[in-house]
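Dear colleague,

Please find below the structure that I am handing over to you. A summary of what was found in it follows.

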Amino acid sequence: METKSILIDNVTILGDEIKKGSVIVENDKIVEITEKTGSHSADEIINGEKKVLMPGLVNTHTHLSMTLMRGLADDLPLDTWLNDHIWPVEANLTGDYCYAGALLACIEMIKSGTTAFNDMYFFMDDVAKAVDNSGLRGMLSHGMIDLGDEEKRKAEFRETMRIIEKCHDTADGRIKVAFGPHAPYTCSTELLKEVREKASKLGLKIHIHVAETEFEVGQVKESYGARPFEYLDEIGFLADDVIAAHAVWLSDKEIKIIKENNVKLSHNPTSNMKLASGISPVSKLIESGVNVSLGTDGAASNNNLDLFEEMKLAALLQKVNTGDSTVLPAEKVLEMATIDAAAALGLENEIGSIEVGKKADLVLVDMKTPSLTPFRHPVSHVVYAANGGDVDTVICNGEILMRNKVLEVLDEAEVIQLAEGAAEELLSKS
Ligand SMILES: C[C@H]1O[C@@H](n2cnc3c(O)ncnc32)[C@H](O)[C@@H]1O
Ligand SMILES: [Zn+2]
């Protein structure tokens, strides 16, 4: 295969230390990081002057196709939102709708600097087609819900195995598949135990919603006589390959269970605040040594996919909740959205930091704007001042997906038109 090279020249590189220099990419990997500038030739040369080069952001909890339901049901609590508004609309979903919604989500993520994500939804082969076409990296799972019904459980495993066989390790390895049992209150113990057994056998991860609301904790206690993470521990479900989204309502005993099982948590501050679900004890979890990353949840409970916004809100929420402005410093929040998130997905050796040999999942942020001036503390600016709109250029797996804020792989207007039509059709059926 012919080597394709990219030189990102004369740029401020965010790493263990912040330094000016250049980064050279060959095919899908970072091959050189040097303090020299202007000294290399390459097929593509990107001028990084007054720009910051950072690892592509990693969103560890999404429902991509829910972009079609953005703004559909605001200002509601989770149970009303899900039961009375979202699930009735989802009953009319098709693969085409999920493709359109996922493609819209992909261009929204490219434009705001997210290059990898962890998605749980439906019609995941259509979602996979969108991810492949976008050039992004994703771990995809079919959202499994059996409500204790054996026939539903069998159908959920048939669909999950179909997606694994059709989509796992495709798109040049950018797409992986996981198991996606929705939540302890919508999945039977039998389903959870079979997911655990199959995930261990196949070496695939598990993505699940846990302990999002006090109401859920009450439901699980009533059904199983234990709090959510206690119950999941009792049935042998928990392990280091489990990524649990939300983890808001936790007892000290559950924090201990999470740590002991090395469960990865995806903190979704905007969704938790918007649905008034609660405030996850993130600073306490991190102090306990738990891997906590960041997720946006779906665009119907956020309502965007901007991880820059998520980083800032995560930091501020913990500061005000603890009354301690020193918790969750900018450096740690940036790790949560990059290397910690990569570790949650089992990709810490491939993405999440700018290092030779890692995949070229890279984001350039243009600092030549009033809100990022004076340009003195890049990490502070990235976390507390920047937003997704400041992203200038995005590279994933060595492919330039956006350059100078213009998409190179997809036609933005076409995708927006496709998604608008899909959303209108979907809502007209509901
Ligand atoms: C995949 C299914 O999960 C539903 N969903 C979306 N956001 C949330 C959330 O915050 N908690 C629980 N379930 C959620 C989505 O609508 C699908 O039905
Ligand atoms: Zn969710």
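A residue is called buried if its relative accessible area is under 20%, exposed if over 50%, and partly exposed in between, with a 1.4 Å probe and protein chains only. The model is predicted: local features need pLDDT of at least 70, side-chain atom pairs count only at pLDDT 80 or more, and totals for chains, interfaces and linings use all residues. Residues are numbered from 1 along each chain as its sequence is written, chains are lettered from A and ligands numbered from 1 in the order in which they are written, and side-chain values use heavy atoms, without hydrogens and water.

By the first definition, Tyr231 is buried, as its relative accessible area is 3%. Tyr224, in contrast, is partly exposed at 32%.

These residues lead to the aromatic pairs, of which the structure holds two. Rings of Phe, Tyr and Trp (its six-membered ring) pair if their centres lie within 6.5 Å; planes under 30 degrees apart count as stacked, over 60 as edge-to-face and the rest as tilted. The ring centres of Tyr224 and Tyr231 are 3.9 Å apart and their planes are at 10°, so this pair is stacked. Tyr121 and Phe122 form a tilted pair, with 4.8 Å from centre to centre and 35° between the planes. Both Tyr121 and Phe122 are buried.

I turn next to the metal site. Donors are N, O and S atoms within 2.8 Å of the metal (3.2 Å for Na, K and Ca); water is not among the atoms, so sites may look incomplete. For the zinc ion (ligand 2), the protein donors are His61 (NE2), His63 (NE2), His209 (NE2) and Asp297 (OD), at 2.0 to 2.2 Å. Their spacing in sequence is H-x1-H-x145-H-x87-D. His63 lies in the loop between strand 6 (57-62) and helix 1 (78-90), and His209 in strand 11 (residues 206-210), so the two tie together parts 146 residues apart in sequence. Both His63 and His209 are buried.

Finally, the protein chain as a whole has 15 helices and 18 strands, which are DSSP runs numbered from the N terminus (helices H or I, at least four residues; strands E, at least two). Buried residues make up 60% of its 430 residues. Along the principal axes, the C-alpha trace spans about 65 × 45 × 40 Å. Of the contacts (heavy atoms within 4.5 Å) with a separation of 6 or more, 72% are between residues 24 or more positions apart.

Yours sincerely
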